[in-house]
Amino acid sequence: YGDVNLDGGVDILDVIVLNKGLLGAANLEEQQQRNADCDLNGKPDASDSLMILKYIVGILNSLGK
């Protein structure tokens, strides 16, 4: 979870890609959408973006649980 840009890691670029998708500035492929759904509610949304940010800065220890 969290690897929205499919590069094998989780970093700020994943947040940027997710936010672009949420704003309609980019299309997220099916795998990207699955990876972005960190809170497992069935769809990527702003709370997933926040979760990825919290993970990056160390507030969360894991994603997808």
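Met51 touches Cys38, Asp39, Leu60 and Leu63 when residues up to four places away in sequence are set aside. In this predicted model, Met51 belongs to helix 3, and with a relative accessibility of 18% the residue counts as buried. Between the C-alpha atoms of Met51 and Ala36 the distance is 9.7 Å, while 15 residues separate the two in sequence.

**Overall fold**

The protein chain contains three helices and zero strands, and its elements follow the order α-α-α from the N terminus on. Its radius of gyration is 10 Å, close to the 11 Å that the globule rule gives for 65 residues, so the chain is as compact as a globular protein of that length. The C-alpha trace spans about 30 × 20 × 20 Å along its principal axes. Of the contacts with a separation of 6 or more, 50% join residues 24 or more positions apart.

The surface exposed by the protein chain amounts to about 4000 Å², and carbon and sulfur atoms supply 54% of this area. Among the 65 residues, 31% count as buried. The chain carries 5 positive and 10 negative charges, whose mean positions lie 5 Å apart.

**Salt bridges**

Side chains of opposite charge can pair when their charged atoms come close. In this model the count comes to two salt bridges, listed below.

| Salt bridge | N to O distance |
|---|---|
| Glu30 and Arg34 | 2.7 Å |
| Lys43 and Asp45 | 3.3 Å |

Glu30 and Arg34 both lie in helix 2, which covers residues 30–36, and are four residues apart, about one turn of the helix. Glu30 counts as exposed because its relative accessibility is 58%. Arg34, at 42% relative accessibility, counts as partly exposed.

In the other pair, Lys43 has a relative accessibility of 47% and therefore counts as partly exposed. Its partner Asp45 is buried, with a relative accessible area of 17%.

**Asp45 and its surroundings**

Asp45 is located in the loop between helix 2 and helix 3. Beyond residues up to four places away in sequence, Asp45 touches Leu18, Leu22 and Asp39. Gln33 lies twelve residues from Asp45 along the chain, and the C-alpha atoms of the two are separated by 9.6 Å.

**Asp48, a buried residue without a salt bridge**

Asp48 is part of helix 3, which comprises residues 46–57. Which side chain of opposite charge is nearest to Asp48, and how far away is it? The nearest is Lys43, at 6.9 Å; Asp48 is buried yet has no salt bridge. A salt bridge requires a side-chain nitrogen of Lys or Arg within 4 Å of a carboxyl oxygen of Asp or Glu. Lys43 does form a salt bridge with Asp45, with the closest N and O atoms 3.3 Å apart.

Apart from neighbours within four places in sequence, Asp48 is in contact with Leu18, Ala36, Asp37, Cys38, Asp39, Asn41 and Lys43. Leu18 and Asp39 are also among the residues that Asp45 touches. Cys38 and Asp39 are likewise among the residues touched by Met51.

Key: Residues are numbered from 1 along each chain as its sequence is written. This is a predicted model: local features need pLDDT of at least 70, side-chain atom pairs count only at pLDDT 80 or more; totals for chains, interfaces and linings use all residues. Side-chain values use heavy atoms; hydrogens and water are left out. Helices (H or I, at least four residues) and strands (E, at least two) are DSSP runs, numbered from the N terminus. The radius of gyration is taken over C-alpha atoms; the globule rule is 2.2 Å times the number of residues to the power 0.38. Buried means under 20% relative accessible area, exposed over 50%, partly exposed in between (1.4 Å probe, protein chains only). Contact means heavy atoms within 4.5 Å. Accessible areas come from the Shrake-Rupley method with a 1.4 Å probe; for residues, only the protein chains shown count as cover. Lys and Arg count as positive and Asp and Glu as negative; His and the chain ends are not counted. The place of a charge is taken as NZ of Lys, CZ of Arg, CG of Asp or CD of Glu.
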